[in-house]
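Hi,

Here is the model I promised to pass on. Have a look at it first, and my notes follow underneath.

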Amino acid sequence: MKKSTNALLNAPYAVWAAIFVVVPLFIVLIYAFTDGEGNFSFANILALKDYWYNFLLSLLYSLIATVITLLIAYPFAYALSKTAEKTQRIQMMLVMLPMWMNLLIRTYSWMNILDKNGVINQILTAMHLPTGEFLGTPGAVIFGMVYNYLPYMILPIYTVMAKMDPALIEAARDLGCNGFNVWRRLVLPLSMPGVISGITMVFVPSVSTFYISQKLGNGKIMLIGDTIERQMQMLNNYNLGAALSLVLMILILVSMFIMNRFADKNGEGGMIV
Amino acid sequence: MDGINSSNVVELRNITVQFENDVILDNLSLSIRDKEFVTLLGPSGCGKTTTLRLIAGFLEPNSGEILFDGVDVKNVPAHKRPVNTIFQRYALFPNYNVYDNIAFGLKVAKVPKDDIARRVDEMLELVNLKGFEKRPVQKLSGGQQQRVAIARAAINNPKVLLLDEPLAALDLKLRKDMQSELKAMQRRLGITFVFVTHDQEEALSMSDTIVVMDNGKIQQIGSPTDIYNEPKNAFVADFIGESNIIDGVMLKDRLVRFHNRTLECVDSGFAPNEPVDVVIRPEDVDIVHPDKGLVCGTVTSVTFKGVHYEIIIDVDGFKWMVQTTDESKVNDYVGLSIEPDAIHIMKRSEYSGTMGDYSYFSDEMEEISNPDFGSEETEDEKVD
């Protein structure tokens, strides 16, 4: 009885997943292994080697962005979880607020700020300081990733921190831990599930982004997302685009797998895979 | 160090803890002797947990001094104090197994690995948890978690072990067993235990010394028998066991008047005609024929308690509680017989007239219906 109820509740999503997740995956797979006429072909797979640089660049940029987000988010979430409940609510609201605005609008705003004639350079000019070229630099792209995905890192880390029983921290102090030892022996291992979730939620969209790199990179920085978009939108080469997407997916899957290995060592499972 | 204080392992001097206008501890002074089993006993909100947290170093007093072996520990943080705590809900580390939880303190202290293994082994033996080393702590029962918490604290050879209502979450049977086990453990370890509870029976059966607290003040310090037989005021008499507390007047030494009767008693040292509180324990009252009773009244309720009956008797509007093995019937008119040595006379206090009459529910019963009354936990959080 209970089993059948569960199956019934599960059915809508199962159907959804079949139509919008499983079937598209197969379509990507079919495209990747066929040529323009629909004949089976390894040509796309062989062509992948020309794009190793874009893959590497994407990995590098998203890794740097993830590390920076983690370095900002972790201390912030830790400190925030120690403040009064009211402060916590207001601060979390401020963290989430930019997410209520569309990613495209936010990125356009940053284009305006970083532009040669943008807000920053106008201010620098007004202060009689030398202006700089920001748009189109690696820094701008990484900054864009950090800015856009920071809330996704803060949220899961903050959640585990806020849930942590304060008595545990007192117990650790009671057993001889100074501030650093409390963090290393207790807070860090207990916050790992949040860190893993945060890394996943920042790394995955960063590694596959095309919009941030296109706008803030000013077209000069071609990440793998941009390469795929170019194949699909401009060159109409759906087959190569699919092959590139496939490799990206495998790349993400492998990264997640490695992350979870790391998480399991700490005794707590991460998310996904 | 002067001779008087040399055996005091912990001393609190004129401690006041205040949160905004809430006084949690009011000029409290307390000495705890070495190897003593001290219980801080009181209702929720009395400041007993706050006192424990002060000793542990989780909380700084607004004023007053805390001394360990005669030395002020104001600037000694919690992790450097020679005390360990057993927390109310154990606070075991969920990311470590039984072994690593118990070994935690020694690992932090960088004790050699072999030593740690040997001492954890001894501790597991002491708390009867051999074979549980690799178990995750979440997979243990409440009683087993309790034992891990004891082992985790005791392995560090603290001078003082602080226990914050450690038995509150256990079933009645297990709680009784743990009471005797903890008492035996304290003797074996030969260290000072400071035990916090609101359970008077627990306090009576385990302690060398009981510190009865209410409203941030110590009401009485004494051995269990002292506290029970010679309560200092109406609060102590009411909180420890059951008491009939009647308004009376001490006519002269060994002669007291209450319920319009003049009775002999064994107490002296009061001013002539001093108003007093008269305490008579329910088990010290006998129900007799009205002709033989010192006072007489009507039975209003009879409750069977297993070992005895609990009988409420209305005497001129004051309701007495009597515990006796003889059954009575509701509406019986009976006499009460009281031996002179069963009458205990106390000085009047702020608590006079507020307790000891069984017409009403207890304070605790009224507090839980009062939305403004906060639990002790929330008060502690405020202090943080």
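The contact between the two chains draws on 16 residues from chain A and 16 residues from chain B. Keep in mind while you read that this is a predicted model. On the chain A side, helices α8 (166-174) and α9 (179-208) each bring at least two residues to the surface that touches chain B. The biggest giver there is α8(A), with 6 residues. If you're wondering about the chemistry, the chain A residues that touch chain B split into 8 nonpolar, 4 polar and 4 charged.

Next, a helix pair inside chain A. Helix α3 (residues 52-81) and helix α7 (residues 138-163) of chain A have axes that come within 7 Å and cross at roughly 40°. Angles under 35 degrees would count as roughly parallel and 65 to 115 as roughly perpendicular, so α3(A) and α7(A) are oblique to each other. Their crossing is right-handed. As for what lines this contact, α3(A) and α7(A) meet through 24 nonpolar and 3 polar residues, with no charged ones.

Last, have a look at helix α4 of chain A, residues 85-96. Its 12 residues reach 17 Å from the first C-alpha to the last, close to the 16 Å expected at 1.5 Å a residue. How many of the 12 residues of α4(A) are buried? The count is 0, so to speak of cover, α4(A) has hardly any.

That's what I have for now. Shout if you'd like to go through any of it together.

Cheers

Terms used:
Residues numbered from 1 in each chain as written. Chains lettered and ligands numbered in written order. Predicted model: local features only at pLDDT ≥ 70, side-chain atom pairs only at ≥ 80, totals over all residues. Axes fitted to C-alpha atoms, helices over the stretch in contact; angles between N-to-C directions. Helix = DSSP H or I, 4+ residues; strand = E, 2+ residues; numbered from the N terminus. Parallel < 35°, antiparallel > 145°, perpendicular 65-115°, else oblique. Left-handed = near helix turned anticlockwise from the far one by under 90°. Nonpolar A, V, L, I, M, F, W, Y, C, P; charged D, E, K, R; others polar. Contact = placed C-beta atoms within 7 Å. Expected span 1.5 Å × (residues − 1). Buried ≥ 20, exposed ≤ 12 C-beta atoms within 10 Å, placed from the backbone.
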